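Work through the following exercises with the sequence and the model open side by side. Try each task before reading its solution.

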Amino acid sequence: MTEPLGHRRFVRNVVATIGGRFAAIVLGLLLTTVFVRTLGLARYGTWSFFAAFVGHSSVFDFGLSVAVERAVARALASGAPSGISDTLNTGLAIAAGVCAVLWGGVMLLPSQLWAPLGDPVEVARCIRVLPLCLFASNVAAVCTAGLTGLQQATTVNALRFVGSSLSAGVLIALVGSEVERLDLLLLIQAAGLVGTGVAAWLIVRHRVDAPLFFRPWAMQRGIAGELVRLGGTVQASTIAVQAGDQ
C-alpha cells in the first residue's frame, strides 16, 4: 500500500520533477547536436517536427493522463484498489481508439499540406508511422499516470529518464551507423516510450493490493465516460497553448 503524502514525499516528488525536466533538456541538446551534424539542418527540421508530437504526449493525449491520475488516486483513497485495473485498461482502450481516429484523419489529409516539411517521400513515411508513435506516447502517459496517482512522481521521473536515455543512446548509435530513415528513428523513440509504460504498469501492479491484469478490450463504459468528460475538458482548456508551443 502507498504511504500517505507527507512533507518529505512531497519534497522528493517536486525535486524529482524538476530533475526530470532538466535531464530531458540535457538529452534534447545532446540529440540535437548529433542529429544536426549527421542529418543536416533540413532533415533535422523534418525529424524535430514529428518528434515533438511523439515526445510530448500532452498535446494529443486528450487529457487522459490527468483523468487517469485522478481516477487512480480516488480509487486508492476510497479503499477500492480493484478499480485501478479497470481505470488503466479503459485508459489504454481509449488511447487505442484515439490512435485509430488519428490514423484515419492523417490519411485523409491532402499531401500538399505536408509539402513544406521536407522531402515528400520521407515526410510520407513519417506520417504513416505518426499515429502509431502517438499511441506509444499515450500508452506511456496512461501507465505513468497510474504511478503518479499512487503518489510516485519520483519513480515516474526515474523511469522517464532511464527510458529517454536508452532510446537516445540507440538513436545516436543508429545515426552514427548511417541509419538515417526518419520513420525508423521515430519508431525507436516510440519503443522507448512503450518500454517506460510497461515498466510503470509492472510497478503499479507490484504496489497495489489488488490484481492488475492487462485487459484493455474489457473497457468499462462508466469509467470511459468519466475519463472522456474530464480528459476532454482538460484538453479543450489547454490545447491552444500546447499546440502553439509545439
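The exercises below treat the overall fold, the helix packing, the cysteines and the backbone in turn.

The model is a predicted one, in which local features need pLDDT of at least 70 and side-chain atom pairs count only at pLDDT 80 or more, while totals for chains, interfaces and linings use all residues. Residues are numbered from 1 along each chain as its sequence is written, and side-chain values use heavy atoms, with hydrogens and water left out.

**Exercise 1. Describe the secondary structure and the burial of the protein.**

Begin with the elements, taken as DSSP runs numbered from the N terminus (helices are H or I runs of at least four residues, strands E runs of at least two). The protein has eight helices and zero strands, and the order from the N terminus is accordingly written α-α-α-α-α-α-α-α.

Next, consider burial, where buried means under 20% relative accessible area, exposed over 50% and partly exposed in between, with a 1.4 Å probe and protein chains only. Of the 246 residues, 43% count as buried.

Finally, turn to contacts (heavy atoms within 4.5 Å): among those between residues at least 6 apart in sequence, 83% join residues at least 24 apart.

**Exercise 2. Characterise the packing of α7 against α6 and against α5.**

Two packed helices are described by the angle between their axes and the distance between the axes. Axes are lines fitted to C-alpha atoms, for helices over the stretch in contact, and angles run from 0 to 180 degrees between N-to-C directions. Angles under 35 degrees count as roughly parallel, over 145 as roughly antiparallel, 65 to 115 as roughly perpendicular and the rest as oblique.

For α6 and α7, the axes come within 9 Å and cross at roughly 155°, which means that the two helices are roughly antiparallel. Residues making this contact include Gly163 and Leu171 of α6, together with Gly192 and Ile203 of α7. By class, the contact has 10 nonpolar, six polar and two charged residues, where Ala, Val, Leu, Ile, Met, Phe, Trp, Tyr, Cys and Pro count as nonpolar, Asp, Glu, Lys and Arg as charged, and the others, Gly among them, as polar.

For α5 and α7, the axes come within 8 Å and cross at roughly 15°, and these helices are therefore roughly parallel. Their contact comprises 19 nonpolar, five polar and three charged residues.

**Exercise 3. How many disulfides does the structure hold, and where do cysteine 99 and cysteine 126 stand?**

Apply the criterion of a pair of cysteine sulfur atoms within 2.5 Å; the structure then holds zero disulfides. For cysteine 99, the nearest cysteine sulfur is that of cysteine 133, 9.4 Å away, and cysteine 99 itself is buried at a relative accessible area of 10%. For cysteine 126, the closest cysteine sulfur, also in cysteine 133, lies 8.6 Å away, too far for a bond, and cysteine 126 is buried at 0% relative accessibility.

**Exercise 4. Which backbone angle deserves attention at glutamine 151 and glutamate 178?**

Most residues other than glycine have a negative phi. Glutamine 151, however, has a positive phi of about 65°; it is placed in the loop between α5 (120-149) and α6 (153-176) and is partly exposed, with a relative accessible area of 24%. Glutamate 178 likewise has a positive phi, of about 70°, and lies in the loop between α6 and α7 (182-207), where glutamate 178 is exposed at 67% relative accessible area.
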